[in-house]
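Me: I would like to learn how to read a protein structure, one feature at a time. Please take me through it.

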Amino acid sequence: MKLLNTLTVTLLTGLSIFISFPGELLRAGEPLSLQDWTYIQVDSTRKKWGDWNKPAWLRSFGIDAADITGDGMKDIIAGRYFYRNPGGDMTNPWERSDLGVNVDGMLFVDVDGDQYGDVIAQALPDVYWMEALDKNGRQWQATRVAQLPPTDHVNGQGYALAQIIPGNKPEILMAADESVYYLRIPENPVSQPWPAIRIASHVMAEGIGVGDLNGDGLPDVTAGREIEKNAAYLYLWFENPGDGSGAWKEHIVSPQVMVPDRVVVRDYNGDGLMDIAISEERYPGKKPNASVYWFEHPGDATKEHWTKHLLITQYSSNNLDAADLDHDGDIDLVTSEHKGPNLRLEIFENDGSGHFTMHVIDRGKEMHLGARLDDLDGDGDLEIYGVPWDNYQNLHVWRNDAIQGPSVLH
């Protein structure tokens, strides 16, 4: 097995990036057509939330990618920091900008239709619209747009964009204290209020899933619920009523979960119905007893106890995303261990019917909210990126060097 060659590049500011040149895929199953990945340590000097505000132990949860500079390369928001994509092979320094206030930047979304980038950020109970004041995102202006109840980790770990109300700008989904809300961006985001609608109650402030589960053309939402402390959990989906109202009707997916952490709603077996994949968290994570699995849509989404398919049981796996990584027309999964001696980054290759083969593509790089998939360099394939918790100073990117051409995210 070929080892990766490494190089460290130091910026004028003292920030360094660590580059691994392409090596062979570390294989745990049948060969995957994606052969080569290049690891890029975009940042190694990030500070945590607790360096500015209490609690001192708290890190940031936000991470997203979008091209806000207009150069065809996707930039990254990660907590308090904005990173401008350097272009090319992305191994040159990523210019880092501080948002200027201690917020957890989570989502890119075009709020006001101008030429500058916009970010939705949390510092709960406050939700902020962060607007770039220049094309390169070097300076930002903070506008408080809503208030949501804080969580036991201050900010929520579940967030997404979805077209809840047809024909408008996408709505902003956020997990707050034991609830999920959506925020509506008004026509005039500066002078008009941003309505906050609670759609789910008594749920965990972890990852949330979004997808049309009942086939009515509207995005529904999934979330976990803790019944007994660290003992019993339910997984639920909440039915979009289609009229913009709150308190969505809830349906049970399964009680066969333990600390559901990250979730992605996709069709994993090719039957045209949306399934639900989940990765589990364990704390303090000293045992390999966290699972990754997917629940098969039963045909009638309101039917309880969806069939559960186990992919792997390993150390706490606080990372999950899904896409057609190998361009064969089905949806693959990617996850990463947050705890344990190996910290494996894993691709689960789908055979098209929901049977998966695991491929380990890297080891030793911890992530807590990551294994995110996006085409960062504009070449038609998908990169992997994420941020850690224990090693919060880092921002990871794995460049995909194997496939050229369009990739399927949904």
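Reply: What follows is a set of questions and replies on this structure. The model is predicted, so local features need pLDDT of at least 70 and side-chain atom pairs count only at pLDDT 80 or more, while totals for chains, interfaces and linings use all residues. Residues are numbered from 1 along each chain as its sequence is written, and side-chain values use heavy atoms, with hydrogens and water left out.

Me: How many salt bridges are there?

Reply: Side chains of opposite charge can pair when their charged atoms come close. A salt bridge is a side-chain nitrogen of Lys or Arg within 4 Å of a carboxyl oxygen of Asp or Glu. By this rule there are 15 salt bridges. One of them joins Arg262 and Glu206, whose closest N and O atoms are 3.7 Å apart. This pair links distant parts of the chain, 56 residues apart: Arg262 is in strand β20 (residues 260–266), and Glu206 is in the loop between β15 (196–201) and β16 (209–211). Strands here are DSSP runs of E with at least two residues, numbered from the N terminus.

Me: Which residues are linked in a network with Arg262?

Reply: Glu206, Asp261 and Arg262 are linked in a network of salt bridges.

Me: Are Arg262 and Glu206 buried or exposed?

Reply: Buried means under 20% relative accessible area, exposed means over 50%, and partly exposed is in between (1.4 Å probe, protein chains only). Arg262 counts as buried because its relative accessibility is 6%. Glu206 is buried too, at 13%.

Me: What do the salt bridges of Glu346 and Asp401 look like?

Reply: Glu346 pairs with Arg344, and their closest N and O atoms are 3.1 Å apart. Glu346 is buried, with a relative accessible area of 0%, and Arg344 is buried at 18%. Asp401 pairs with Arg399, with 2.6 Å between the closest N and O atoms. Here Asp401 is partly exposed, at 26% relative accessibility, whereas Arg399 is buried, at 11%.

Me: Which side chain of opposite charge is nearest to Asp321?

Reply: For this purpose Lys and Arg count as positive and Asp and Glu as negative; His and the chain ends are not counted. Asp321 lies in strand β24 (residues 321–323). Asp321 is buried yet has no salt bridge, and the nearest side chain of opposite charge, Arg266, is 4.3 Å away. A polar atom of the Asp321 side chain lies 2.8 Å from the backbone nitrogen of Leu373.

Me: Which side chain does Asn394 contact?

Reply: A polar contact is a pair of N or O atoms within 3.5 Å; within protein, one must be able to donate a hydrogen and the other to accept it, and residues adjacent in sequence count only if both atoms are side-chain atoms. The side chains of Asn394 and Gln41 are joined by a polar contact of 2.8 Å. Asn394 is in the loop between β29 (383–387) and β30 (395–400), and is buried with a relative accessible area of 14%.

Me: Where are the cis peptide bonds of Pro125 and Pro284?

Reply: The angle to read is omega. A cis peptide bond joins Leu124 and Pro125, with omega about 20°, and Pro125 lies in the loop between β9 and β10 (126–132). Another cis peptide bond joins Tyr283 and Pro284, with omega about 5°. Pro284 is in the loop between β21 (275–280) and β22 (290–296).

Me: What is the phi of Val154 and of Ala371?

Reply: Val154 is not a glycine, and its phi is positive, near 65°. Val154 sits in the loop between β11 (140–147) and β12 (159–162), and is buried at 16% relative accessible area. Ala371 has a positive phi of about 50° although it is not a glycine. Ala371 is in strand β28 (residues 369–374) and is buried at 0% relative accessibility.

Me: How far apart are the C-alpha atoms of Gln122 and Asp104?

Reply: They are separated by 5.0 Å, and the two residues are 18 residues apart along the chain. Gln122 is in strand β9 (residues 118–123), and is buried with a relative accessible area of 0%.

Technical notes:
Helices (H or I, at least four residues) and strands (E, at least two) are DSSP runs, numbered from the N terminus.
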